[in-house]
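Biologist: Hi! Could you walk me through this one while I have it open?
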Amino acid sequence: MTNASDGGGFQGYANDPPHSAHLAHMIGGFLVNFGGLELAAGAWLRALTTDEVAALALINLPLKQKILVICSLLDAGRIPQPHCHKVKKLWMEVDSQRELRNHVAHNPVVFGWHGQERDGPPDFAGVLDRRKGSKANKPNPGLISSRNLSVSLDQAAHLARALYELAEMLEAESLLPVTTRE
């Protein structure tokens, strides 16, 4: 950390500042919306597999592997081609959000000021992104910003909605595989 007398730099973090509610709401909303994607992955695995035992085993995989299996089942022709491309594209978007979800869930939320801490809103706030090698002397040390979180919160909700709507449509049109379930 740098010293206030040397002309700037990062001065420290604050725990639970009075201005944290908005960021906490976005983080919580993103994680809740992403939970909908986790549920969708399980639903799609159950819909695309023709064996109950296999479906139950696949549901316990990490999300990255679930997405790989879903895409493999799609490539194997489990649903008609016109829909396959659309569904696979949505799962690739989920996969691109997966890494952000892991960073949001497993890294600290920080609030900070440049210079002496004060009673006003922090100069920066977000989720520390340690994979970018954040350094304490940068103006905004490796943060996933509230703006990125806001976009991702909306995107996760959109993806979950789209995946459930497609599954319902395919089921209604009897385009999902026939299962061996009792």
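Modeller: Happy to. One term before we start: a residue is buried when its relative accessible area is under 20%, exposed when it is over 50%, and partly exposed in between. Also keep in mind that this is a predicted model.

Biologist: Got it. What share of the residues count as buried, then?
Modeller: Of the protein's 182 residues, 39% are buried by that rule. The accessible surface comes to about 10100 Å², and 54% of that belongs to carbon and sulfur atoms.

Biologist: And how many helices and strands does the protein have?
Modeller: There are five helices and four strands. Starting at the N terminus, the order of the elements is β-α-α-α-α-β-β-β-α.

Biologist: What about contacts between residues far along the sequence?
Modeller: Taking contacts with a separation of 6 or more, 65% are between residues 24 or more positions apart.

Biologist: Let's go inside. Which residues have the most contacts in the largest nonpolar core?
Modeller: Those are Trp44, Trp91 and Val94, in a core of 39 residues. Helix 1, helix 3, helix 4 and helix 5 (146–172) each give two or more residues to this core. Helix 1 gives the most, with 11 residues.

Biologist: Is there a general reason to look for a core like that?
Modeller: Yes, in soluble globular proteins nonpolar side chains tend to be buried together.

Biologist: Which residues does valine 94 touch?
Modeller: Leaving out residues up to four places away in sequence, valine 94 touches Phe34, Leu37, Leu63, Ile67, Leu159 and Leu163.

Biologist: Phe34 caught my eye. How many aromatic pairs are there?
Modeller: The count is one aromatic pair. Phenylalanine 30 and phenylalanine 34 have ring centres 5.9 Å apart and planes at 55°, so the pair is tilted. Edge-to-face would need an angle over 60 degrees.

Biologist: Where do those two phenylalanines lie?
Modeller: Both phenylalanine 30 and phenylalanine 34 are in helix 1 (residues 21–48), four residues apart, which is about one turn of the helix. Phenylalanine 30 is buried at 0% relative accessible area, and phenylalanine 34 is buried too, at 1%.

Biologist: Switching to charges: how many salt bridges are there in the whole structure?
Modeller: The search finds four. One of them joins the side chains of aspartate 75 and lysine 88, at 2.7 Å from N to O. Aspartate 75 lies in helix 3 (residues 63–75) and lysine 88 in helix 4 (residues 81–106), so this pair ties together parts 13 residues apart in sequence.

Biologist: Are aspartate 75 and lysine 88 buried or exposed?
Modeller: Aspartate 75 is exposed, with a relative accessible area of 53%, whereas lysine 88 is partly exposed at 26%.

Biologist: Which residue does aspartate 95 meet in a salt bridge?
Modeller: Its partner is arginine 98, at 2.8 Å from N to O. Aspartate 95 and arginine 98 are three residues apart in helix 4, separated by about one helical turn. Aspartate 95 is partly exposed at 24%, while arginine 98 counts as buried at 15% relative accessibility.

Biologist: What does arginine 46 pair with?
Modeller: Arginine 46 forms a salt bridge with glutamate 52, and their closest N and O atoms are 3.2 Å apart. Arginine 46 is partly exposed, at 31% relative accessibility. Glutamate 52 is partly exposed as well, with a relative accessible area of 24%.

Biologist: Great, thanks for the tour!

Technical notes: Residues numbered from 1 in each chain as written. Predicted model: local features only at pLDDT ≥ 70, side-chain atom pairs only at ≥ 80, totals over all residues. Heavy atoms only, no water. Buried < 20%, exposed > 50% of the residue type's maximum accessible area, 1.4 Å probe, protein only. Phe/Tyr/Trp six-rings, centres within 6.5 Å; stacked < 30°, edge-to-face > 60°. Core = buried A, V, L, I, M, F, W, Y, C linked by side-chain atoms within 4.5 Å. Contact = heavy atoms within 4.5 Å. Areas by Shrake-Rupley, 256 points an atom, 1.4 Å probe, with all protein chains shown as cover.
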